[in-house]
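Trainee: Could you take me through one part of this model in detail? I would like to follow a single strand, its neighbours and the bonds that tie into that part of the fold.

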Amino acid sequence: QEQLVESGGGSVLAGESLKLSCKAPSWKYMKCMAWFRQAPGKEREGIARIKTTSGATFYDASYYDDSVKGRLTISQDKAKYTVFLELKSLKPDDTGMYYCAAAEIDTCVPGTDPIWNHASWGQGTQVTVSS
């Protein structure tokens with residue numbers, strides 16, 4: 001499995017922003033990359049995905065509700081093999097460990113698809129938002 005390295009997390013106050021990064025060694029075997037969050041005491045949930053070949057982005061409907069819309073953006077820097085997750089106007093409910101994952105799949109399926117259990121994963125980066 002390929003090694004992914006997340007960074008950019010931290011402890012911030014509500015209303016502040018963070019931009020998380022996920023660095024891959026290359027785009028080989030990484031047609032689709034995704035961000036997940038695991039809140040304290042809860043299961044991991046998918047946030048967003050990006051098809052690295054085309055830059056097409058997708059947001060997990062189960063996560064991208066009215067409380068999140070407009071506050072997060074997934075993007076990539078192809079030349080640097082890096083995928084980003086920008087989090088704006090952070091709220092305490094955004095607290096959790098954020099992970100990126102990569103899978104060699106043509107269709108960037110939602111994070112609930114079991115295929116992600118067999119993907120390459122990073123170690124995670126912690127985001128803590130205080131009110």
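**Strand S9 and its surroundings**

Mentor: Let's start with a pairing: strand S9 and strand S10 (residues 120-121) run antiparallel and are joined by two bridges. Strands here are DSSP runs of type E with at least two residues, numbered from the N terminus, and two strands pair if DSSP finds at least two bridges between them. Before going on, please keep in mind that this is a predicted model, in which local features need pLDDT of at least 70 and side-chain atom pairs count only at pLDDT 80 or more, while totals for chains, interfaces and linings use all residues. Residues are numbered from 1 along each chain as its sequence is written, and side-chain values use heavy atoms, with hydrogens and water left out.

Within the S9–S10 pairing, Ala101 has Trp121 as its bridge partner. S9 also pairs with strand S11 (residues 125-130), in the antiparallel sense over three bridges; there, Tyr98 is matched with Thr125. With strand S4 (residues 32-38), S9 forms seven bridges, again antiparallel, and Cys100 in S9 stands opposite Trp35. Seven of the eight S9 residues are buried (under 20% relative accessible area, with a 1.4 Å probe and protein chains only), so the strand is largely enclosed by the rest of the structure.

Just ahead of the strand is Thr95, in the loop between strand S8 (82-87) and strand S9 (96-103). Thr95 is buried, at 15% relative accessible area. Its side chain reaches the backbone nitrogen of Val129 at 2.9 Å. Counting contacts as heavy atoms within 4.5 Å, and leaving out residues up to four places away in sequence, Thr95 touches several residues, among them Arg37, Pro40, Gln126 and Val129.

Now the disulfides, meaning pairs of cysteine sulfur atoms within 2.5 Å: the whole structure has two. One joins Cys22 to Cys100, with an S to S distance of 1.9 Å. This pair links distant parts of the chain, since Cys22 lies in strand S3 (residues 18-23) and Cys100 in strand S9, 78 residues apart. The torsion about the S-S bond of Cys22 and Cys100 is about 60°, so this disulfide is right-handed. Cys22 is buried at 0% relative accessibility, and Cys100 is buried at 1%.

The other disulfide joins Cys32 to Cys108 (S to S 2.0 Å). Cys32 lies in S4 and Cys108 in the loop between S9 and S10, so the pair ties together parts 76 residues apart in sequence. Both Cys32 and Cys108 are buried. With bonded cysteines counted along the chain, the disulfide pattern is 1-3, 2-4.

Technical notes. Helices (H or I, at least four residues) and strands (E, at least two) are DSSP runs, numbered from the N terminus. Buried means under 20% relative accessible area, exposed over 50%, partly exposed in between (1.4 Å probe, protein chains only). A polar contact is a pair of N or O atoms within 3.5 Å; within protein, one must be able to donate a hydrogen and the other to accept it, and residues adjacent in sequence count only if both atoms are side-chain atoms.
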